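Trainee: I would like to learn how the words used for a protein model are justified, step by step. Could we look at one together and reason from values to terms?

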Amino acid sequence: MCDDMNINKEIATLLHLPSSPLESVLPTPDSDEHVWPEMKVLHQKRRDQGHGKNSFRRVENVVWREWFVRGNSPPSSPTEKENHFQNQNKSIVCGKDAGDIPAEYEIATPKRHEMIAVGTHVDKRITPGFFYKIRINGSEKFQFKGKALRLQSIGKGYGKRFTFASKCLNTNTNFFWSDSHNDGYAFSIQAVFENEEFGIYDSQQRHIGRAVVEFVSDVQDEIEHIEKDGAIEKTVHVTMTCNVEIRCGPHGMVSLIGNDSLSLEGKALVIKAQKSAKAVTKCIEDVEIPPLGRCTLRSDE
């Protein structure tokens with residue numbers, strides 16, 4: 001009991017900011033370049049006062065959660081676009097569907113290609129090792145400035161912590177909890193990115209050219225998820241614009257359509273090997289390239 005009282009007292013001390021406006025001290029929640037000043041104080045207190053590891057972790061989690069919820073609070077005067085999302089249709093999801101407790105949630109209906117995480121419910125297709133864009137469901141706001149990041153881990157418990165890869169190794173702020181927003185979070189898998197280069201192979205599996213992705217739609221729809229021998233394979237429908245070049249002879253290539261680009265679509269095969277932390281897009285199948293017909297784009301790495 002004494003331990004709990006000390007922890008609660010310290011939490012209260014850390015979360016009260018009487019001398020400065022909240023906005024002046026809180027970093028943006030989608031940034032991994034800042035650390036909330038109170039978290040620095042917390043680390044210093046641990047060193048100075050010798051908090052036990054478990055006690056420190058309990059305080060740290062509460063502080064981080066408070067920072068996250070405050071930084072993601074909806075505006076007091078919703079914009080016209082936000083009002084549109086608030087008035088959209090509702091859907092029911094249940095934690096039982098994901099093998100968790102049977103809690104039901106009424107949320108704003110996500111887009112067709114999106115996968116939901118809210119409370120105890122996490123769509124079974126959301127998998128560590130793959131890249132996702134995260135929309136705060138019920139709004140047009142995105143986590144991490146709209147960047148697609150690689151999911152590192154999904155925590156356990158009621159409020160599941162999603163942690164994503166970060167360039168900052170010492171302090172990773174790329175995370176959130178599934179119960180931090182009433183409508184949950186909408187995950188969009190990202191299998192193909194701009195500026196990626198693929199080799200073009202015809203129906204006879206001959207290497208006949210190359211394609212550089214100039215634009216790819218954010219709507220990348222996962223259509224299949226297979227787990228086999230410890231590996232995870234996902235098939236994702238993608239629509240993109242590519243600069244396409246084909247071989248004109250044994251030593252060179254020529255642009256297929258001059259300086260223009262081609263709008264293409266296909267099925268990207270993304271594989272996470274058994275002991276790998278990162279999924280890799282191996283190829284894009286069933287790509288129609290006129291006048292070449294059906295081709296496969298392969299990563300030459």
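Mentor: Let us begin with R298, bearing in mind that this is a predicted model. Leaving aside neighbours within four places in sequence, R298 is in contact with F198, G199, Y201, Q205, K282 and C283.

Trainee: What makes these residues contacts of R298?

Mentor: The term asks for heavy atoms within 4.5 Å, and F198, G199, Y201, Q205, K282 and C283 are the residues that R298 touches in this sense once its neighbours within four places are set aside. R298 itself has its place in strand 17, which covers residues 293-298. The C-alpha atoms of R298 and H207 are separated by 9.5 Å, and these two residues are 91 residues apart along the chain.

Trainee: Why is R298 called partly exposed?

Mentor: Its relative accessibility is 31%, and since buried means under 20% and exposed means over 50%, R298 falls in between and therefore counts as partly exposed.

Trainee: Why is S188 called buried?

Mentor: S188, which has its place in strand 9, has a relative accessibility of 6%; the cut-off for buried is under 20%, so S188 counts as buried. Leaving aside neighbours within four places in sequence, S188 is in contact with residues including H113, E114 and D218.

Trainee: How do you know that the side chains of S188 and H113 make a polar contact?

Mentor: The distance given for the two side chains is 3.3 Å, and a polar contact needs a pair of N or O atoms within 3.5 Å, one able to donate a hydrogen and the other to accept it. The pair formed by S188 and H113 is accordingly listed as a polar contact.

Trainee: Where is N174 found, and why is it called buried?

Mentor: N174 is found in the loop between strand 7 (161-164) and strand 8 (175-177). Its relative accessible area is 4%, and because buried means under 20%, N174 is buried. The side chain of N174 also reaches the backbone oxygen of A165 at 3.0 Å.

Trainee: Why are N195 and D229 called exposed?

Mentor: N195 has a relative accessible area of 66% and D229 has one of 67%, and exposed means over 50%, so N195 is exposed and D229 is exposed. N195 lies in the loop between strand 9 (185-189) and strand 10 (197-201), whereas the place of D229 is in the loop between strand 12 (221-228) and strand 13.

Trainee: What is the phi of N195, and what is the phi of D229?

Mentor: N195 has a positive phi of about 75° although it is not a glycine, and the phi of D229, likewise a residue other than glycine, is near 55°.

Trainee: What makes the bond between P290 and P291 a special case to look at?

Mentor: The peptide bond that joins P290 and P291 is cis, with omega at about 0°. P291 is found in the loop between strand 16 (280-289) and strand 17.

Trainee: Which residues touch the most other members of the largest nonpolar core?

Mentor: They are F187, V192 and M240, in a core of 41 residues. The largest share of this core, six residues, comes from strand 13 (residues 231-249). Apart from it lies another core, of six residues, among them V93, I107, I116 and V118.

Key. Residues numbered from 1 in each chain as written. Predicted model: local features only at pLDDT ≥ 70, side-chain atom pairs only at ≥ 80, totals over all residues. Heavy atoms only, no water. Helix = DSSP H or I, 4+ residues; strand = E, 2+ residues; numbered from the N terminus. Buried < 20%, exposed > 50% of the residue type's maximum accessible area, 1.4 Å probe, protein only. Core = buried A, V, L, I, M, F, W, Y, C linked by side-chain atoms within 4.5 Å.
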